[in-house]
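Hi,

Here is the structure I promised to pass on. Have a look at it first, and then read on for what turned up in it.

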Amino acid sequence: MIDEKIISQAIIESYMKELISSLEVDVAIAGAGPSGLICSYYLAKEGVKVAIFERNLKVGGGMPGGGMMFNRIVVQEEAKSIMEEFNITLEEYKDNLYTASSIETISAFTYKAIKKGVKIFNLIGVEDVIIRENRVGGVVLNWTSVEIANLHVDPLGVKSKFVVDATGHDSEICRIVEKKVGGVEVKGEKSMWAEKGEEEIIENTKEVYPGLIVCGMAANAFYGSPRMGAIFGGMLLSGKKAAEIIITQG
Ligand code: 48H
């Protein structure tokens, strides 16, 4: 017998179990775009407890849209080994550049991250951070629907040893810290220069405030580096570097 009440109960109970088990994690990541997903995968691979909070209905950030809705991405030689780790089909183009399906790529990142133990919560935005003496200690969450409806509903907090800002172009978490805590300055991203943007994103991936690591497009926005268009190798290498920074700190 298929009972509607049992279906509802199964959904609510299994979701709550996952949410309650994620109220204290090693790493809370804001944003399930390519850099956040890659960061989560390499952390979980080393046994780190990770939760990603994604404001949108769907994961993937800017990747599924490819370049101007042509759902292909370009990846350079340096990031080829990451794509291969996820078994993604690559087509060699020229100048050491490869193309791939943006849908296959983001699906593989998501699937393998979850299989490594990453918990992904969509439709939940990070609206603030938990702060202690000179250290970020977690994220403050609310439903996206609350944000959209502009309702006055107080949030809930999730504690973590590290927070990763993988929110993309707006570098949202760093901006919150800039505004409410101080001690950091978000310069804002600059106009397109693919080679420079891809080069600088690796260097820009850093712990910018104790407990707060910035990666992906947010890292270039933080340090005032250029955007790069629909080339994604830098996002992947940046996400991996963010994971390595955290793992090195134990
Ligand atoms: C929860 C949030 C919040 C929040 C935002 O934009 P993304 O894809 O970010 P990256 O850095 O992984 O990848 C960037 C890439 O997609 C891109 O845009 C490129 C290469 N652009 C180049 C160019 O020239 O334009 O993903 C960020 C994710 C999104 O899914 C947001 O919905 C989410 O973060 N997000 N989630 N709480 N406060 N803010």
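To start with one residue: is Asp26 buried, partly exposed or exposed? Asp26 is partly exposed, because its relative accessible area is 22% and the buried class stops under 20%. Before going further, please keep in mind that this is a predicted model.

**Salt bridges**

Asp26 is a good way into the charged pairs. Its side chain meets that of Lys161 in a salt bridge, with 2.7 Å from N to O. The two partners belong to distant parts of the chain: Asp26 sits in strand S1 (residues 24–30) and Lys161 in strand S9 (residues 156–165), with their positions 135 residues apart. Lys161 is partly exposed as well, at a relative accessible area of 48%.

As general background, side chains of opposite charge can pair when their charged atoms come close. In this model the count comes to 11 salt bridges.

Another one joins Lys119 and Glu18, whose closest N and O atoms are 3.9 Å apart. That value still passes, because the cut-off is within 4 Å. Here too the pair links distant parts of the chain, with Lys119 in strand S6 (residues 119–122) and Glu18 in helix H1 (residues 4–21), 101 residues apart. Lys119 has a relative accessible area of 28% and is partly exposed; Glu18, at 33%, is also partly exposed.

Then there is Asp128 with Lys180, a salt bridge of 2.8 Å from N to O. Asp128 is in strand S7 (residues 124–132) and Lys180 in helix H6 (residues 172–180), so the bridge ties together distant parts of the chain, 52 residues apart. What I like about this pair is the contrast in cover: Asp128 counts as buried at 16% relative accessibility, whereas Lys180 is exposed at 53%.

Finally for the charges, Arg55, Glu147 and Glu172 are joined into one network by salt bridges that share partners.

**More on Lys180 and S7**

The side chains of Lys180 and Asp128 also make a polar contact of 2.8 Å. Lys180 has a second link of sorts to this part of the chain: its C-alpha atom is 9.3 Å from that of Val129, although the two residues are 51 apart in sequence.

**The ligand**

Which residues come nearest to the ligand? There are 26 residues around it, and the nearest are Glu54, Gly62, Met217, Arg227 and Gly229. Met217 also places a backbone N or O atom 2.8 Å from an oxygen atom of the ligand. For Met228, a backbone N or O atom lies 3.5 Å from a ligand oxygen. His169 uses its side chain instead, with an N or O atom 3.0 Å from an oxygen of the ligand.

How much of the ligand does the protein cover? On its own the ligand has 790 Å² of accessible area, and the protein covers 91% of that. The space the ligand takes up is the largest pocket.

Helix H2 (34–45), strand S2 (50–54) and S7 each give at least two residues to the shell around the ligand. S7 gives the most, with 3 residues. You have met S7 already, as the strand that holds Asp128.

**A buried residue in S6**

Strand S6, home of Lys119, also contains Ile120. Ile120 counts as buried, since its relative accessibility is 17% and the limit for buried is under 20%. The C-alpha atoms of Ile120 and Ile29 are 9.3 Å apart, while the residues are separated by 91 positions along the chain.

**Two positive phi angles**

Most residues other than glycine have a negative phi. Two residues to look at with that in mind are Asp95 and Asn134. Asp95 has a positive phi near 55 degrees and lies in the loop between strand S4 (91–92) and strand S5 (97–101). Asn134 has a positive phi near 50 degrees, and its place is the loop between S7 and strand S8 (135–143).

Are these two buried or exposed? Asp95 is exposed, at 67% relative accessibility, and Asn134 is exposed, with a relative accessible area of 57%.

That's the tour. Over to you!

Conventions
Residues are numbered from 1 along each chain as its sequence is written. This is a predicted model: local features need pLDDT of at least 70, side-chain atom pairs count only at pLDDT 80 or more; totals for chains, interfaces and linings use all residues. Side-chain values use heavy atoms; hydrogens and water are left out. Helices (H or I, at least four residues) and strands (E, at least two) are DSSP runs, numbered from the N terminus. Buried means under 20% relative accessible area, exposed over 50%, partly exposed in between (1.4 Å probe, protein chains only). A residue is near a molecule or strand if one of its heavy atoms lies within 4 Å of it. A polar contact is a pair of N or O atoms within 3.5 Å; within protein, one must be able to donate a hydrogen and the other to accept it, and residues adjacent in sequence count only if both atoms are side-chain atoms. Accessible areas come from the Shrake-Rupley method with a 1.4 Å probe; for residues, only the protein chains shown count as cover. On a 1 Å grid over the protein atoms alone, a cavity is a set of points where a 1.4 Å probe fits but cannot get out, and a pocket is an open set with protein on both sides within 12 Å along at least five of seven lines; lining residues have an atom within 4 Å of a point. A molecule sits in a cavity or pocket if more than half of its atoms lie within 2 Å of its grid points.
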